Amino acid sequence: MNVVYGNLTIKYHNNSQIANSLELILNEHDTEKLYANVADSFSNPIENASILWSSSDPSIVIVDNNGTIKGIKSGTATITATAAGVMDSCEVKVVNAPTFT
């Protein structure tokens, strides 16, 4: 059976908030888990879909194969999740980590 993927949505905060609808801000060296929710063309969830994660600028924010992002230095980069030709992306702003004296 050939599954046609209909959409993919990136979420964060325990899979409860859509990442591209809010500004995602991350401190340098902090991490956040992103989730990719994939659905077929009838909006039925597709479990265990193979997701490819990427960062538009790994010198600012990196992403691993599981969707965990880490702020590297100040700036803005786009995180993209792709599955079988459908994709979603979110902008991540990395800010200087606060220093305490």
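1. T68 touches T31, E32, K33, I62 and V63, leaving out residues up to four places away in sequence. The residue sits in strand β7, which covers residues 68–71. One of these partners, K33, is 35 residues away along the chain, yet the C-alpha atoms of T68 and K33 are separated by 4.3 Å. T68 is partly exposed, with a relative accessible area of 27%, because that class lies between the buried limit of 20% and the exposed limit of 50%.

2. The model is a predicted one, and confidence is uneven along the chain. The mean pLDDT of the protein is 83, with 82% of residues at 70 or more. Strand β2 (residues 17–18) has the lowest confidence, at a mean of 60, whereas β6 has the highest, at 97. Details around β2 should be read with that mean of 60 in mind.

3. On the overall make-up: the protein has nine strands and zero helices. Read from the N terminus, the order of elements is β-β-β-β-β-β-β-β-β. Of its 101 residues, 31% count as buried. The accessible surface comes to about 6,200 Å², and carbon and sulfur atoms hold 48% of that. Among contacts with a separation of 6 or more, 54% join residues 24 or more positions apart.

4. Four strands form an open sheet in the order β3-β9-β8-β5, with mixed pairing. β3 and β5 are the edge strands; each has a single partner strand, so one side of each has no neighbour in the sheet. Neighbouring strands in this sheet are turned against each other by 30° on average, direction ignored.

5. The edge strand β5 merits a separate look. β5 and β8 run antiparallel and are joined by four bridges. L52 has T82 of β8 as its bridge partner, and S54 stands opposite T80 in β8. In a regular strand the side chains alternate between the two faces of the sheet. Along β5 (residues 52–55), W53 and S55 point to one face and are buried, while L52 and S54 point to the other and are not.

6. Which residues touch the most other members of the largest nonpolar core? They are L34, V61, I69, I79 and V92, out of 21 residues in that core. Two or more residues come from each of β1 (5–12), β3 (24–27), β4 (31–40), β6 (61–63), β8 (75–83) and β9 (86–95). In soluble globular proteins, nonpolar side chains tend to be buried together.

7. I79 is one of the core residues named above. Leaving out residues up to four places away in sequence, I79 touches I10, L34, W53, S54, S55, V61, V63, I69, D88, S89, C90 and V92. That list includes W53, S54 and S55 of β5. It also includes L34, V61, I69 and V92, the other residues named as touching the most core members.

8. Is N66 buried or exposed? N66 is exposed, with a relative accessible area of 53%, which means a value over the 50% limit. The residue lies in the loop between β6 and β7. Apart from neighbours within four places in sequence, N66 is in contact with K33, L34 and W53. L34 is 32 residues from N66 in sequence, with 8.1 Å between the two C-alpha atoms. K33 is thus a partner listed for N66 and also for T68.

How values were computed:
Residues are numbered from 1 along each chain as its sequence is written. This is a predicted model: local features need pLDDT of at least 70, side-chain atom pairs count only at pLDDT 80 or more; totals for chains, interfaces and linings use all residues. Side-chain values use heavy atoms; hydrogens and water are left out. A nonpolar core is a set of buried Ala, Val, Leu, Ile, Met, Phe, Trp, Tyr and Cys residues joined through side-chain atoms within 4.5 Å. Buried means under 20% relative accessible area, exposed over 50%, partly exposed in between (1.4 Å probe, protein chains only). Contact means heavy atoms within 4.5 Å. Two strands pair if DSSP finds at least two bridges between them. Accessible areas come from the Shrake-Rupley method with a 1.4 Å probe; for residues, only the protein chains shown count as cover. Axes are lines fitted to C-alpha atoms, for helices over the stretch in contact, and angles run from 0 to 180 degrees between N-to-C directions. pLDDT is the predictor's confidence in each residue, from 0 to 100.
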